Amino acid sequence: MLATPPPIIQSWADREHAWRGTDKGVEATSDGGVHWRVVFPLGVASGASVDLLIRTSPRVGLTSIAGRGWVTIDAGQHWYQATGGPTVPAFGRGSLLFGTGGPGIDQAVQWPPRRVRCTGRWVHSAAWLSALTPGPKPRTLCQQEQGVDIPMRRIWTVPTPPEGADWIVYGRVLMEGQFDADVYDMATDEGIYVGSVYWRDGVVTTSGLSPR
């Protein structure tokens, strides 16, 4: 029996502009998915994969390739290696960028980044990140030591769970000015739903999260 392939990671800024992760890298569309083109090439035999995609607007977003974060502010024409950033799973829209997947919710202090410039070298694809030469043109990926800083701040922490429990929050849906998230007890393999978190214009309310 053939294994079912994993679902394609996608992120839509609006009805026309989206990214998707494939074995070629990050592909972009500006016509609602009729045509796609590679904007972040993985390269042949790179061993890399697209772990995360967040397109917060037609021009701005970030991706994680083999554990490294990358940011673009020009619709994927150039990518800059990022320092810090949201935990996975992460989600965002417009000027909002959040990270979940741990015992709390983090929000980007400033999004999009104010200062984006390359102080390292430009490379062609993920396959050339560790190579001695920058690879063929076009070289659109900036590999640098410091990288673009994406500071995050903790805006909510899960309550202290009952003894033996391990409460983890996972982002669920982000809409204009608000998002919902779920909290699960991951002390067991299957995970048990515990409660929900609601963020509305900076105010957090919860449901079902009283320690038992």
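This briefing covers strand pairing in two parts of the structure. The model is predicted. One part is an open sheet of 4 strands with antiparallel pairing; the other involves strands E1, E2 and E3, where E2 pairs with E1 and also with E3.

**The open sheet, E16 to E19**

- The strand order in this sheet is E16-E17-E18-E19.
- Strand E16 (167-175) and strand E19 (203-207) are the edge strands; each has a single partner strand, so one side of each has no neighbour in the sheet.
- On average, neighbouring strands of this sheet are turned by 25° against each other, with direction ignored.
- Strand E18, residues 192-200, pairs with E19 in the antiparallel sense over 5 bridges.
- Tyr198 has Thr205 in E19 as its bridge partner.

**Strands E1, E2 and E3**

- Strand E1 (residues 10-12) pairs with E2 in the antiparallel sense, over 3 bridges.
- Gln10 has Arg20 in E2 as its bridge partner.
- The connection from E1 to E2 is a hairpin through 5 residues.
- E2 and strand E3 (residues 25-29) also form an antiparallel pair, over 5 bridges.
- Ala18 has Thr29 in E3 as its bridge partner.
- A hairpin through 2 residues leads from E2 to E3.

**Burial of E2**

- Strand E2 spans residues 18-22, and 4 of its 5 residues are buried, so the strand is largely enclosed by the rest of the structure.
- Buried here means under 20% relative accessible area.

How values were computed: Residues are numbered from 1 along each chain as its sequence is written. This is a predicted model: local features need pLDDT of at least 70, side-chain atom pairs count only at pLDDT 80 or more; totals for chains, interfaces and linings use all residues. Side-chain values use heavy atoms; hydrogens and water are left out. Two strands pair if DSSP finds at least two bridges between them. Axes are lines fitted to C-alpha atoms, for helices over the stretch in contact, and angles run from 0 to 180 degrees between N-to-C directions. Buried means under 20% relative accessible area, exposed over 50%, partly exposed in between (1.4 Å probe, protein chains only).
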